[in-house]
Amino acid sequence: MQRPTLEVADIFLKHGAAWRDSQRGHLSLSQLKVMSAIEQCRTAALGGHVLRCDSCATELVSYNSCRNRHCPKCQSAAAKRWLDARQADLLPVEYYHVVFTLPAPIADLAYQNKVELYGLLFDVAAEVLRTIAADRKHLGARIGATLVLHTWGSALTHHPHVHGIVPGGGLAPDGKSWVACRSGFFLPVRVLSRLMRRRFIEELLRLHQAGRLRFFGELAALADGACFSQWLAPMRQCEWVVYAKRPFAGPQAVLAYLSRYTHRVAITSSRLVAMDERGVIFKWKDYRAKGSTRHKTMTLAPQEFMRRFLLHVLPSGFHRIRHYGLLANGNCKASLALARQLLEVVPAQAASPSSEEQADLPPNAVPPIFVCRHCGQAMTILQCLMRGQAIRAPPAL
């Protein structure tokens, strides 16, 4: 794959050091680690390998990746590994895409309380889906869902929401049959939205009463209980954005969607247009516009671009992909086996063999780790480069 002309790392390398100095004391340790990882990713600072192609004798140096989950370079491989592991979990039913979004005022509060409110967004969205699906007026079944957190809008602004990938049906309460939803329709979004609003506000008040929320800057006054209740009042009346898209066109479309969304970062290098004296120019999508006018370009000062990018750094250890109901890690295997039995289908096989299976294969049957970009054949490691080790030039003739 050809390297993009401009990468996010180039912006951090050129402007990051000066901006870190100007923001000393205002950047968290997690944000500083992300900046460092992106700057060093696939450079000599992280070490690497000298490789030679077994077929055409091409030699190249492959530097190690940082594997930071916020790094645009590292997510395609991580997404593929995750998808290979999840492919066997797909059922031969319609899958639906549901999105739950926080109102802007609560999104501002969520930025100051990422662990508590991002986690609450996950749990309430999952509870709402399972509660409405269990209601006999709607579906009357126990369902499963995979939820993925995104915290950005197309212009890199803070816009927390979760994408839900949900099978179109579930197990009957007695576990003896599969209950399918109506073709092309999952659950009523207005009912989902109203229950989401009520349950999230209830849990938000409990967090405030327990003293688990922090308030800074313009939100500092909300530490007072009466002020917080008054601030919440408009949120009880406004519409909370919940919507469901049309069902996916088969299991492969689900996988294609997941590969784009599960390991996405705030912006990829493919969206960057240029970096010049005006600033950083990148492509974005204006969802309020229609047709071809929806796709636009935006120019930000490098400092503002880095600030917006770092808005979306997640707390250490926070899981941005979570599974609920039938797909929860604790009972996923048994639930899917029962669902396949009721649907009378044969379990799908994972796309990639496990490490134990690979050990039993003959050497030429195991896919190579490094592949030549010229001829597609396997490459052999000639030398391992330690972190920070400079590459020696060939001896002078």
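**Figure 1. L272 of strand β9 stands opposite F282 of strand β10.** The model shown here and in the other views is predicted. Strand β9 covers residues 272-276 and pairs with β10 in the antiparallel sense, over four bridges. The two strands form a hairpin, with two residues between them. Strand β10 spans residues 279-285 and is mostly covered, five of its seven residues being buried.

**Figure 2. The open sheet β9-β10-β11 has three strands and antiparallel pairing.** Strands β9 and β11 stand at the edges; each has a single partner strand, so one side of each is left without a neighbour in the sheet. Ignoring direction, neighbouring strands of this sheet are turned against each other by 25 degrees on average. Strand β11 (residues 295-300) runs antiparallel to β10 and is joined to β10 by six bridges. Among the residues of this pairing, K283 has T297 in β11 as its bridge partner.

**Figure 3. Helices α1 and α9 lie across strands of the sheet β9-β10-β11.** Helix α1, residues 8-22, lies across β9 and β10. The angle between helix α1 and β9 is about 20 degrees. Helix α9, residues 302-310, lies across β9, β10 and β11. Helix α9 runs at about 110 degrees to β11.

**Figure 4. The open sheet β2-β1-β13 consists of three strands in antiparallel pairing.** Its edge strands are β2 (59-63) and β13 (379-385), each of which pairs on one side only. From one strand to the next, the twist averages 30 degrees. Strand β1, residues 48-53, is joined to β13 by six bridges, and these two strands run antiparallel. Within this arrangement, G48 stands opposite L385 in β13.

**Figure 5. Helix α4 packs against helix α7.** Helix α4 covers residues 104-112 and helix α7 residues 225-237; their axes are 9 Å apart and meet at an angle of about 135 degrees. This angle makes α4 oblique to α7, because it falls neither within 65 to 115 degrees nor over 145. From α4, the contact is made by P105, I106 and L109; from α7, by F228, W231 and M235. By residue class, the contact of α4 with α7 divides into six nonpolar, no polar and no charged residues.

**Figure 6. Helix α6 packs against helix α7.** Helix α6 spans residues 189-209, and its axis is 11 Å apart from that of α7, at an angle of about 170 degrees. The two helices are therefore roughly antiparallel, the cut-off for this class being over 145 degrees. On the α6 side the contact is made by R197, I201, L204, L205 and H208. On the α7 side the contributing residues are G225, F228, S229, L232, M235, R236 and Q237. The residues of the contact of α6 with α7 divide into six nonpolar, four polar and two charged. F228 and M235 of α7 are listed in the contact with α4 and also in the contact with α6.

**Figure 7. T146 of strand β4 makes a side-chain polar contact with H323.** Strand β4 covers residues 144-152. T146 has a relative accessible area of 10% and is therefore buried, the limit being under 20%. The polar contact between the side chains of T146 and H323 is 3.0 Å. Leaving aside neighbours within four places in sequence, T146 is in contact with H163, G164, I165, I321, R322, H323 and L327.

**Figure 8. Q40 lies in helix α2.** Helix α2 covers residues 29-40. With a relative accessible area of 28%, Q40 is partly exposed, because this value lies between the 20% limit for buried and the 50% limit for exposed. Apart from neighbours within four places in sequence, the residues in contact with Q40 are A45, L46 and R387. Q40 and N64 are 24 residues apart along the chain, and their C-alpha atoms are separated by 9.3 Å.

Methods
Residues numbered from 1 in each chain as written. Predicted model: local features only at pLDDT ≥ 70, side-chain atom pairs only at ≥ 80, totals over all residues. Heavy atoms only, no water. Buried < 20%, exposed > 50% of the residue type's maximum accessible area, 1.4 Å probe, protein only. Pairing = 2+ DSSP bridges. Axes fitted to C-alpha atoms, helices over the stretch in contact; angles between N-to-C directions. Parallel < 35°, antiparallel > 145°, perpendicular 65-115°, else oblique. Contact = heavy atoms within 4.5 Å. Nonpolar A, V, L, I, M, F, W, Y, C, P; charged D, E, K, R; others polar. Polar contact = N/O pair within 3.5 Å; in protein donor to acceptor, adjacent residues only side chain to side chain.
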